[in-house]
Each structure stands twice: as C-alpha cells, then as structure tokens.
Amino acid sequence: MVMVNQAEEKIVCPVSGTFPHGPCTYAEILEHLDLGIIVLDTNNEEVIFHNMAFETMLEGSDEPIDYNSISTLFLQDMGKGNVSDAFGKAQALHYKNKLLGYTAYFMSHGFIVILIRDITESARLESIAEAVNAMENITYIFSGIRHELGNPINSIKMTLSVLKKNLGRYSRNTVHQYVDRTLAEITRVEYLLKSLKSFSMFENPSIQNIDLSEFMDLFQALVGKDLEKNGITIEVILSLNAQWVRADPRALQQVMLNLIANAADSLEGREDPTITITTQKKNNFIWLCVEDNGVGIPADDQKNLFKPFYTTKSNGTGLGLAIAKKMLAKMNSRIGIESREEVGTKVTISIPEGRRKDA
Ligand SMILES: Nc1ncnc2c1ncn2[C@@H]1O[C@H](COP(=O)(O)OP(=O)(O)OP(=O)(O)O)[C@@H](O)[C@H]1O
Ligand SMILES: [Mg+2]
C-alpha cells in the first residue's frame, strides 16, 4: 500500500500526495482501481478514505459508510490491533446477494486498510465447475458399479433360466455344473461388495508409530506361503534408519496386500519371479518400495492405474490401487508407480516418519 513517498517526503495524508513529475495524486489512482479500498483510522475511529469501487460493492445497502458499520462488517473477527492472525489473510463474506473477498492490513500508526473484490461471479463459476466435476466422478463410479454388478447378475439369471427350462432333462452332473457357475458369480459379487466396503473403511484411521521390521515379519508370515506356492521369491531389505513410520497398521497391511497381489499377478509365467521390498529414509518420510520383475505396464496405461474399476484382469475389480491411494491419503502418505513393459514395476509409498514407541 502506498502511504509515504519517502524519497520526496511530500506526503501529508496517508492516501494523498504529489508525484514528483505531475499533479496526479495517489488518491486519484486508488479512486480508479476496480478494487474496493477503504482506510480506517483506529485511533480516531474514522473512515479516512474509500474509493468508488468500494461504494459500488456496497450498493443497495442502507448502512452508512462509517467507522462502526465498516468494522462490524469486515473486522469483527480480527480485534482492532495487529495482534490478530486474521490480518493479511484472504477472507470472504456474503453481503446482500454478493460474495465479497477481502483482506485487511494493519498499517503503522493505527491505520487499517481493507482491500475488497466482488467475487460473486468467479465463486459461482467455481462452484458450477466443482459440481460438474463431482457429478462426473459419481457418474463414472456408478457406471463402474453398474457394469461390475450387472455382468455377474446377468450371467446368474441366464444360467438359472437355462437350468429351469432343462431341469427335467439335465443329468445330476450338469445341474451341479450350473449351480457351481452361479455360486462363482455370486462370489464375484461378494468380492466387489467387500472391496467397496474398504472404500469407506479407515475413514478415520488410527495412526500410530509402527516398527517396520516387526510389521514386515508379520506381513511376510502372512503372504510368504502363497508366494512360495507360486514359485515367487520375496526379498525384504530394511534400512536401519528407516524403521519407524506413522500409519494405521491395519490400513497399511491392506495396502501392502494389494500391492503384493498385483506384483504376484504380474509375475505369472515369468522367469525367476521375484518381489523385493525395500525401505529408505527421505527427509521426514520413509519410502517403502515394492518392486517386481513382472510384465510391467505399457506407458499408455499408466495414467489409468488409480482410476476406480480400471483393470486388465478378467477377475479383477480395478479397485485395489484406487483404495490403496485413498487409504494412504488418509494417513498423509502418497503412492507412485514406475513401470517398464517386460522389465517390471516399482511401487513406492512414502509414509511420515514415526518415532520409537518408548522415545
Ligand atoms: N505390479 C504390477 N504389474 C503390472 N501391472 C500392474 C501392477 N499393479 C497394477 N497393475 C495394473 O493396474 C491395474 C489396476 O490394478 P488394481 O490393483 O487397481 O486392480 P486389479 O488388480 O486389476 O483388481 P483387484 O485389485 O480388484 O484384484 C491392474 O489390472 C494391472 O493392469
Ligand atoms: Mg489389484
């Protein structure tokens, strides 16, 4: 805010002064800005300046532009001194049918300057854009659910209709096959419903300090047998200075299960299938990497990985990574994937560093 022309020392009033090369005053410039400006003198409780733009913004108001009404409108939460954190921060208020964005500054000698913009239109456009965005996401998710539930239900319906028509003719064995097919489809629906449930689980994670070496021992015991059965070697290399993280252990376990399942799927039929888990400390985060030497992901597909229902598997829901990302975000953690086709995939999650429990 221009208050004092120190070089010339010609300014007498905070908002008026003479430029060295002409008659134009600061007040004249301020008058023509489309930014509402008002200056208050808190010592004498006076409005000492306001420009045209400010008057236009308050159009339709019966309130006088005086010290009390202006402070009630804009400074209510701030206190009058420069102690308040609210000074210098962008705020907004509804006034008549307008939305006004404003920032108040506490200047020297007890002056307060308030800069105001009419943000009604931009806020309206923003909220429309937001609504469209949310609707697009919901439509996308609904069409995914419709598709995921629709397929098995259609298949169940067809199988049962055929069975009903031919019940008298089919052998006991064939009837069994039809019933098994129906049960398999129902299992698929159940799997989908279970995955959808994890979307809302851990909404409020219980974040605690986790010892990664303890966590990985338990985790290896959980997945080791399955991996071994499929001929997959798992290597866990933990860095000594990256032992503690802050996370919800159950949510972290679920994320890791998803990543290991994906890695294991990508290793089917590969030579020397291996999953390597490593940790590393970077600033205040611990990077936990799960790397496989599987089929990899084509560059074009990599942008889709976190989209719900994106899957390349005949029995996948495509929810694994979407859920993992959401759970990690709830724990202030992030996930990233690097992959090269026919070379392998490396998933890195960065988790806030924790502290030894007894520290
Ligand atoms: N380690 C990996 N190697 C190769 N492709 C992967 C890997 N991880 C994920 N993908 C690809 O990303 C897709 C989405 O993964 P995501 O875990 O979200 O769903 P999904 O595994 O297909 O289904 P679900 O998790 O329900 O079993 C997979 O279908 C696969 O194409
Ligand atoms: Mg998966």
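Let me begin with a definition: a residue counts as buried under 20% relative accessible area, as exposed over 50%, and as partly exposed in between. I shall apply that to one lysine shortly. Please bear in mind throughout that this is a predicted model.

I turn to the sheet. Five strands make up an open sheet of mixed pairing, and their order across the sheet is E7-E9-E10-E12-E11. At its edges are strand E7, residues 233–237, and strand E11, residues 334–340, each of which pairs on one side only. On average, neighbouring strands in this sheet are turned by 15° against each other, with direction ignored.

Consider next the E7 edge. Strand E7 runs parallel to strand E9, residues 274–282, and five bridges join the two. Within this pairing, Thr-233 is placed opposite Thr-274 of E9.

At the other edge, we come to a helix. Helix H8, spanning residues 320–330, lies across E11 and strand E12, the latter covering residues 344–352. The helix runs at about 145° to E11.

Helix H8 contains Lys-326, the residue I mentioned at the outset. Is Lys-326 buried or exposed? The relative accessibility of Lys-326 is 27%, and it therefore counts as partly exposed, since that class lies between the limits of 20% and 50%.

What is Lys-326 in contact with, once its neighbours within four places in sequence are left aside? The partners are Phe-199, Ser-200 and Glu-203. A further spatial relation concerns Phe-306: it is separated from Lys-326 by 20 residues in sequence, while the C-alpha to C-alpha distance is 9.5 Å.

Conventions:
Residues numbered from 1 in each chain as written. Chains lettered and ligands numbered in written order. Predicted model: local features only at pLDDT ≥ 70, side-chain atom pairs only at ≥ 80, totals over all residues. Heavy atoms only, no water. Pairing = 2+ DSSP bridges. Helix = DSSP H or I, 4+ residues; strand = E, 2+ residues; numbered from the N terminus. Axes fitted to C-alpha atoms, helices over the stretch in contact; angles between N-to-C directions. Contact = heavy atoms within 4.5 Å. Buried < 20%, exposed > 50% of the residue type's maximum accessible area, 1.4 Å probe, protein only.
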